Amino acid sequence: MSVGMAAPRSVYACDPDRSRGRQFAEPPSKTRSPFRRDCDRVIHSTAFRRLKYKTQVFVFHEGDHYRTRLTHTLEVAQIARALARQLGLDEDLTETLALAHDLGHPPFGHAGERALDACLQAYGGFDHNAQTLRVVTSLEHRYPDFDGLNLTWESLEGIVKHNGPLTGRSGAAVGRYRDHGIPAGISDYVRTYDLELWSFASLEAQVAAIADDIAYDAHDIDDGLRAGLFQVDDLKVIPLAADIIADIAKRYPDLDESRRGAELVRELISSLIGAVVSETQRRLEPARPTCVDDIRSHGEMLIAFPAEIAQAEAGIKAFLKQRMYRHPRVMRVMGDAEQILFDLFARYKNHPGDLPAEWLPPGGDSSEAEAERARRIGNFIAGMTDRFALTEHQRLFDSTPDLR
């Protein structure tokens, strides 16, 4: 098969004609598959539009060309579709999961997530994956017959389990949830609509997850170079990047720094996509899955980097953590951003009348009412864009950090 050509549909791909359906029954679309319909619903959601003004690393007003949560999401979708096409998977479901994966992210990137998690610690904390599930199952109000987007079971499964099972067969939490348990937004939902938290998700979901890693690595390098936090040659400490940089020097010895960086990012994406396809095909051969349920019960992720590429990819993340995410300039701005959300949460909790009418929490002094008030405030703040959070802080407080 030529590079770039679509593979034949795999027997282990999710088949839209065999979808497990939706929580609330709807007549089928006359023109779209169930997964294409899911994808369109995500694109038309309010939460998706808000990603335009949500931080990736740099706050939106720091420059027009840095990634936002929306442009990050679009790059994840592009990479995920490329992988799905090569592997014979359902591109519509893959795109749905790539476009939906960050709908639950709060303003100010991971700084905002840390702040909300601290504010909600006594009420179950904050998890952006659980928040994405809340968005697509309850917080979007666009349809007359149900809250949320009423996505297919396969899309909900992929949103929740794209990084692997959340529990064992016994129901005990595993992995990142072992210490603190399954987030309430997920555990409450699966009591009424079972997403089989003990199993692996489809290959379409696994592709969306690894596409997120590839996009992060590539575009954060691009943004770090644009911001002047490091130079192309600084990346030579990473073997994979060093090889690409050396090859660029041979082919384009007089290339300017800006184009060197762009070529590095382009070649890095191509290299990582190729590595994932090769490793996935290697893992599939002995597994011999004949349907998507074989994928779910296989016992390990099948979409992965080869071991040596996984090590190099971890090196990229370590480099970015040191040279970008922990750069004094970025840390200062994110510290101020966290404080903005701490301030807003405390203000709404102490003065609920400052909330919009539709977000006013219930009254009462019970612990359940208190938890519901805190969660509603958390939902409201999580849905904010960076811009709206700054505007709200300016409305409610005498002084607001500039975040520059």
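These are my notebook entries on pockets, cavities, cysteines, aromatic pairs and two single residues in a predicted model.

**Ground rules**

I'm working from a predicted model, where local features need pLDDT of at least 70 and side-chain atom pairs count only at pLDDT 80 or more, while totals for chains, interfaces and linings use all residues. Residues are numbered from 1 along each chain as its sequence is written, and side-chain values use heavy atoms, with hydrogens and water left out.

**Entry 1: the largest pocket**

I looked up pockets first. On a 1 Å grid over the protein atoms alone, a pocket is an open set of points with protein on both sides within 12 Å along at least five of seven lines, whereas a cavity is a set where a 1.4 Å probe fits but cannot get out; lining residues have an atom within 4 Å of a point. Grid points are joined across faces, edges and corners, and a volume is the space filled by probe spheres set on the points.

The largest pocket comes out at about 970 Å³. I noted 38 lining residues, with Asp 127, His 128, Asn 129, Arg 176 and Tyr 177 closest to the centre. Helices H5 (109-119), H6 (128-139) and H9 (203-226) are the elements that give two or more residues to this lining; helices are DSSP runs (H or I, at least four residues) numbered from the N terminus. H9 has the largest share, six residues.

I also sorted the lining by class: 15 nonpolar, 15 polar and eight charged. Here Ala, Val, Leu, Ile, Met, Phe, Trp, Tyr, Cys and Pro count as nonpolar, Asp, Glu, Lys and Arg as charged, and the others, Gly among them, as polar.

**Entry 2: the second largest pocket**

This pocket holds about 830 Å³ of space. It has 36 lining residues, and Gln 131, Ser 138, Leu 139, Trp 359 and Asn 379 lie nearest its centre. I find H6 again here, along with H2 (46-50), H8 (184-190) and H15 (367-382), each supplying at least two residues. H15 gives the most, eight residues. The class split is 14 nonpolar, 10 polar and 12 charged.

**Entry 3: cavities**

I counted three cavities of 30 Å³ or more. The largest has a volume of about 60 Å³. Its lining is Leu 97, His 101, Gly 158, Ile 159, His 162, Ala 208, Ala 209 and Asp 212. H7 (153-161) and H9 are the elements that give two or more residues, and H9 gives the most, with three. By class I get four nonpolar, three polar and one charged.

The second largest cavity has about 50 Å³ of space. Among the residues lining it are Gln 23, Phe 24, Asp 147 and Tyr 189. Five of the lining residues are nonpolar, three polar and one charged.

**Entry 4: cysteines**

How many disulfides does a search of the whole structure find? I got zero, taking a disulfide as a pair of cysteine sulfur atoms within 2.5 Å. For Cys 14, the nearest cysteine sulfur is that of Cys 291, 10 Å away. Cys 14 counts as buried at 2% relative accessibility, and Cys 119 is buried too, at 15%. Buried means under 20% relative accessible area, exposed over 50%, and partly exposed in between (1.4 Å probe, protein chains only).

**Entry 5: aromatics**

I counted seven aromatic pairs. Rings of Phe, Tyr and Trp (its six-membered ring) pair if their centres lie within 6.5 Å; planes under 30 degrees apart are stacked, over 60 edge-to-face, and the rest tilted. Phe 230 and Phe 319 have ring centres 5.1 Å apart and planes at 80 degrees, so I logged the pair as edge-to-face. Phe 230 lies in the loop between H9 and H10 (239-251) and Phe 319 in H13 (307-325), so the pair ties together parts 89 residues apart in sequence. Both Phe 230 and Phe 319 are buried. I also noted one aromatic cluster formed by Tyr 348, Trp 359, Phe 380 and Phe 388.

**Entry 6: two single residues**

Thr 94 sits in helix H4 (91-100) and is buried, at 0% relative accessible area. Leaving out residues up to four places away in sequence, Thr 94 touches Ala 80, Arg 81, Ala 84, Glu 204, Val 207 and Ala 208; contact means heavy atoms within 4.5 Å.

Met 334 lies in helix H14 (328-350) and is buried at 10%. I put Met 334 and Arg 85 at 38 Å apart, C-alpha to C-alpha, with their positions 249 residues apart in sequence numbering.
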